[in-house]
There are 4 protein chains.
Amino acid sequence: MIPRYSRPQMTAIWEPENKFRIWLEIEVTAAEAMAELGLIPKAAAEAARARGGFDIDRIDEIEREVKHDVIAFLTSVAEHVGPEARYLHAGLTSSDVLDTCFNVQLTEAADILIADLDGLLAASSAQAQAHDHGRAQHGIHAEPTTFGLKLAQAYAEFDRNRARMVQARAEVATCAISGAVGTFAHVDPRIEAYVAEKLGLRPEPISTQVIPRDRHAAFFATLAVIASSVERLATEIRHLQRTEVLEAEEFFSKGQKGSSAMPHKRNPVLSENLTGLARIVRGYAIPAMENVALWHERDISHSSVERMIGPDATVTLDFALARLTGVIEGLMVYPERMQANMDRLGGLIHSQRVLLALTNAGVSREDAYRLVQRNAMKVWQENKDFLTELLADPDVTAALSEETIRDQFDLGYHTKHVDEIFARVFGD
Amino acid sequence: MIPRYSRPQMTAIWEPENKFRIWLEIEVTAAEAMAELGLIPKAAAEAARARGGFDIDRIDEIEREVKHDVIAFLTSVAEHVGPEARYLHAGLTSSDVLDTCFNVQLTEAADILIADLDGLLAASSAQAQAHDHGRAQHGIHAEPTTFGLKLAQAYAEFDRNRARMVQARAEVATCAISGAVGTFAHVDPRIEAYVAEKLGLRPEPISTQVIPRDRHAAFFATLAVIASSVERLATEIRHLQRTEVLEAEEFFSKGQKGSSAMPHKRNPVLSENLTGLARIVRGYAIPAMENVALWHERDISHSSVERMIGPDATVTLDFALARLTGVIEGLMVYPERMQANMDRLGGLIHSQRVLLALTNAGVSREDAYRLVQRNAMKVWQENKDFLTELLADPDVTAALSEETIRDQFDLGYHTKHVDEIFARVFGD
Amino acid sequence: MIPRYSRPQMTAIWEPENKFRIWLEIEVTAAEAMAELGLIPKAAAEAARARGGFDIDRIDEIEREVKHDVIAFLTSVAEHVGPEARYLHAGLTSSDVLDTCFNVQLTEAADILIADLDGLLAASSAQAQAHDHGRAQHGIHAEPTTFGLKLAQAYAEFDRNRARMVQARAEVATCAISGAVGTFAHVDPRIEAYVAEKLGLRPEPISTQVIPRDRHAAFFATLAVIASSVERLATEIRHLQRTEVLEAEEFFSKGQKGSSAMPHKRNPVLSENLTGLARIVRGYAIPAMENVALWHERDISHSSVERMIGPDATVTLDFALARLTGVIEGLMVYPERMQANMDRLGGLIHSQRVLLALTNAGVSREDAYRLVQRNAMKVWQENKDFLTELLADPDVTAALSEETIRDQFDLGYHTKHVDEIFARVFGD
Amino acid sequence: MIPRYSRPQMTAIWEPENKFRIWLEIEVTAAEAMAELGLIPKAAAEAARARGGFDIDRIDEIEREVKHDVIAFLTSVAEHVGPEARYLHAGLTSSDVLDTCFNVQLTEAADILIADLDGLLAASSAQAQAHDHGRAQHGIHAEPTTFGLKLAQAYAEFDRNRARMVQARAEVATCAISGAVGTFAHVDPRIEAYVAEKLGLRPEPISTQVIPRDRHAAFFATLAVIASSVERLATEIRHLQRTEVLEAEEFFSKGQKGSSAMPHKRNPVLSENLTGLARIVRGYAIPAMENVALWHERDISHSSVERMIGPDATVTLDFALARLTGVIEGLMVYPERMQANMDRLGGLIHSQRVLLALTNAGVSREDAYRLVQRNAMKVWQENKDFLTELLADPDVTAALSEETIRDQFDLGYHTKHVDEIFARVFGD
């Protein structure tokens, strides 16, 4: 997580201010639950709610002495609340606060990521609708497809990612207030239930000192899968923008300089950047999974990992999704280039149709394949025109009439199901 | 995947026999759909169903020549079916067959893994029920918990993993019969729908030449998360079995030799082995994610990865889950050692209760902490008894009566919510 | 490791036959050392050398009973050697044999990989020399370079990889015969020295029960780096072969069918395959690193990992290097296409020269950049010719004479240092 | 990289201030080389050296407009230097500056890491020397070793890591000033040589627009291997500190609070933290390797990865090494506990000696194994004393005299080679 690749809404989640705010909410809510159960004086809970506050510099100062963040926090809170503060945190263990807070932060982050995905879906959908009649043809040319279908593919993929993100959010939307080893020895389970409900979480059915980390492994693995999809779409754009293809280009603003040395260059720098950001987010999945096997009722090894990848993974993916959305929204699309690129292969993109026409006319599949390939190779190697070659091949014309052969070269044949596919992806 | 860590039911899924069987089923079913739509003669589909077959050696022989596996397969099938075979595969692309087959194999593998998880859940549940009153206490001793709770934690974690596995299965349970670039140019979408239904799959809403690989990334990431949970439970057992702890032991059969050099050694070799297997399965998640960003309508780079990690990941995780189930079923549990280990700390495990009793009696949290810590340190450093020290500390006895102090040392206090937690995990 | 991506010389290293052969050599050599030190009868060592042998089926049979592979092996050897066999393995621990054997296998594998790299270096060098005057220009077109330089880059990179591989070989070329916890309690250190020398290894300065696994982590990390270089060169070829670029192509044999559906397609399938193989080999680095932190004097968790990635990583990388060498050797290179692609941009590839000429003529860098960019943009957007535009721009001609402007469009300017770079890379 | 896990000397390397300082040094030194070659006026180089400077806020401001960091930097420098600044950067490409700078930063980081390793080696050596007679015995008890040997193992491992770090530093200690595609079209190779020498780097033999990233992959893979060694030593300490073992403990300062709930707890929090930090650093190896396969003469995808893992990996590993050094220096070691733990197994740790004595006395290995195991099992299961059992077993006493049996229980036997091993590791 570096400012260059960060957005303020997401980084705010990981600021100390927000963390301590959540801690305080957990402690005060737990105190209210205790008061309701008659475990502590109502006045104590009311005092905590009314005067609860903290001072970050003061917390840092205390932590330097006691080397324990929650104790430092509680001391600072006590300085605001007064003597009633001694009822706070009663029976809780630090992890009750830390883990529930971490999960609150992750669900807040998930909400932003889901909104990011919604933005990307909207942009993909708009571009797909705008270009459903455009035609692009790529890689080693196979057969025609449309640019709209490419974006529909992206839409469908990110729609799946949205569902995964919703699922990942649910994974971590749990609350544990269960004490030092998860037995509720000093803390009534009803406190957990109360706090969970107030915070919009579910109680963790069984915890140790901590919330089990398979949940977080699944969460960060989901971010890694989504990052991989970002890489896919970014890679597509990089290919489309390369000089020899140039069917689409990232938006290039007026004042922007592409290269300090070569003024004409217009590189797909955003898409290349997205490819790198995807690598980073993917790399966090492994440490998150290594965090699962904590020793016994917990060790603290997961903590340093999460202090880093919690912000790093969510902030970077948020930035990447927003950047990708911008790229899609601003994409400059060149249908004439798509047509020109398709025309490059002298009609070879229709080879399979000819193959099928031959077999339909009774030629064996093996013979048909040989007939098509021998004419295709001449086109490939000698820059001939495929249709002309076929019409001049007596073995081909023995099986197919000229009209039938010409019919195989109709582009509309390839796009006849586009509407149906769009309906599948975007609904009717 | 090596025989040492494989089970036949899972490896059978990845045998050429099974793969070609699925290919044939796809081709024949597709032909039946075409026949029903009037696209090919009914007799062709019937011939394919009646005489469809293949010869693996023959396929290998042809593939060495044509260097294309699906063409080799179709040629062998044609040698069984006869001339009607030329209607097979009409309009399909190799990937239609390969990808749908791969997904069928993955769902078959998922079914075994789900059954494995059910076995592990049963074993965990049985052991948890058997030991819900045993007591174990670990790491740097914190507070008492029970061995049954440890197994209930494992149960809950693998129950989550089961749900993830069901979800992962659904991710890949799709079928694509959409042609060379996914446009259905030569193949009616109704064929896909027909085949999907017959094979128990859903049609892929939009594909390129291939089924999008974010699905498979999510699938293998799920296996990696489950493997991480295997590592967690295996690590727990390794700790419990270490000489100084020895609260549980893997079953050790009569003829088994633990060490070529040291006949007394009884190592937790299965659990250690499981730790290694978990690393392997986790390692496959990254290449699976790198497979997502295929170029344009597909490239073939994912294929070599999947040829290896398809079998390797599923076979190894299947083996690991079965092995772990065996370990849990056969686990030898030593409650007396648990008690002995708990007694080691001279009563320090009750320190928090004393702390709470002091604050309840009106001592400030900071003072209470100091009082407890100064007595705890004597126990820790000088092997004293915590209760004796507390009773001899006038600052403590000024706040608490002897009876109250003694009350804090009741183990039952810590286990009073075990039944409730069990009900949460296992239901009532 | 699957047969499809394996070569026999490398797989042979990992066959049981080879493993047991090495085990036997270690045991017999150790016995000879013991005999020389007077620790066991000379006759015992001689019997072991003369009659030493084993039977793999028998070993399997015994292992099924005793569940310990080294004991099973020794029993089988004893059945060949006779009663003198009881002196074998005296004071050794299984890991002495297993780990030294694993390192022997890894050095054997390293030797093949080094030879593979030599083959690849030779192929890269030959192709580089053959094409040092060819010219290619790629990506978003920047400035001209030559195809020979591309291969020289590959050569330099694989030359570094060769040095890394030699270093990785040295990392694992150690021998430990130090007993159950590495203290030489039952085994004289001179035995280790003797065996090490006979096997061409160095004694491990200090071992636990096992050879420390940081060595193997470094070894497999090196394979992963080399695999990443394979991916880089394969990616370059994939780009060069794409329809719109087509400056080079993988060799395509006569009988080969590129696609079951589209007979004209000639995909860079080998390079795509190499990309996937690289992902797989890279994925093994993480488990190898996770193997480092064994517990205490060792646990056995590394074993299952190494049983798989030992063969998988070396066999797959060997296959990949051999395949890549074949691709480079057979590469079809199209210089006319390189020229045609360079001509596409209407001379824009010379923009930086013009920029420099302007600044040399006293124009400020900012002004020069603006002058060049405004003409470049017309070329880019309106398909104009860069030279014509410049000559028509009064601000440009005010600073530069027509002759000077024309001089900036000389290709030879860009290749004048090619020989010097070649000398750096290949020596004089 | 977060402040909590950072040290200022390392973070300073990655501050904008240091980056721009290096950029300026590269530009000015390159200008001096150009002046010496007569390519630009000497006065220009002198002006750059004399008045060269930059303003970070100004750079940020310009970059927001032009979206190009090197152009923004050069503009700010020009504002300090005056009109002579137009000769700066002549013929260079941004990557010449960026990549050479990144390598300078990495070598600076490497120097700190090497110094860190020296500190850790000194601490390990001191502790090893201090405890070479202490005795520890672990895991499932095998045979006696000494605590000093454990630290000597760590020393040897980090000594290897130091050599790897030196090698990794050399990997990245290169300089490229070769222009837009690495052809030196606009920049004389002698400029590169001049700058390289002044900066203490080697010229990159052949570059594209960028320095090849296999170098950096090897660099970050090395950090990952070192991190794995950190994890190993940290794991050892965590095991030694667990309540039931407690042979060593992290230093625990007076004011420190171990747990907000349990005042007696003294957790190995630093070692647990180190385990997590190791996971993080290891996780960066994969994106670094994925950076190798840049497209053609470069794409910019590596940049975002390196902006993050450059600082993150070096800062985190620096912090981890320093923390680990502190842990080793302050470690509290408890030899009496080691002795007590060794005594726990009723003498079983001597079982292999008895086994060897039996075979030396002519008993077959299989029989000896059975004799030892049946007595060992009684000790294990019924808490008997191994020596007593052996002396009472007529089959044992038939082969060995009582004196011989007693001789096998001498601890000194196991430590007789410790001095020799120390000499191997630390030199004489």
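Two residues count as in contact here if their C-beta atoms, placed from the backbone, lie within 7 Å. Keep in mind throughout that this is a predicted model.

**View 1. Where chain B touches chain A.** Chain B puts 66 residues into this contact, and chain A puts in 65 residues. On the chain B side, the elements giving two or more residues are helices H7 (147-172), H9 (214-241), H11 (285-290), H14 (351-360), H19 (412-415) and H20 (418-426). If you want one helix to look at, pick H9(B): with 13 residues, H9(B) gives the most to the side of chain B that touches chain A.

**View 2. The make-up of that chain B surface.** Sort the residues of chain B that touch chain A by class and you get 28 nonpolar, 22 polar and 16 charged.

**View 3. Chains B and C about their axis.** Turn chain B by 180°, with 0.0 Å of shift along the axis, and it lands on chain C with an RMSD of 0.0 Å. The two copies are thus related as by a two-fold rotation axis. Looking for the spot in chain B where a C-alpha comes nearest that axis? It belongs to B:Gly283, 2.7 Å away. As for the interface residues of chain B, 100% of them are interface residues in chain C too, so the copies meet through the same surface.

**View 4. Chain A, domain by domain.** Chain A splits into domain 1 (3-87), domain 2 (94-341) and domain 3 (348-408). Taken over C-alpha atoms, the centres of domain 1 and domain 3 of chain A sit 77 Å apart.

Terms used:
Residues are numbered from 1 along each chain as its sequence is written. Chains are lettered from A and ligands numbered from 1 in the order in which they are written. This is a predicted model: local features need pLDDT of at least 70, side-chain atom pairs count only at pLDDT 80 or more; totals for chains, interfaces and linings use all residues. Copies are superposed by least squares on the C-alpha atoms of residues with pLDDT of at least 70 in both. Helices (H or I, at least four residues) and strands (E, at least two) are DSSP runs, numbered from the N terminus. Ala, Val, Leu, Ile, Met, Phe, Trp, Tyr, Cys and Pro count as nonpolar, Asp, Glu, Lys and Arg as charged, and the others, Gly among them, as polar. Domain bounds come from an automatic or database domain assignment.
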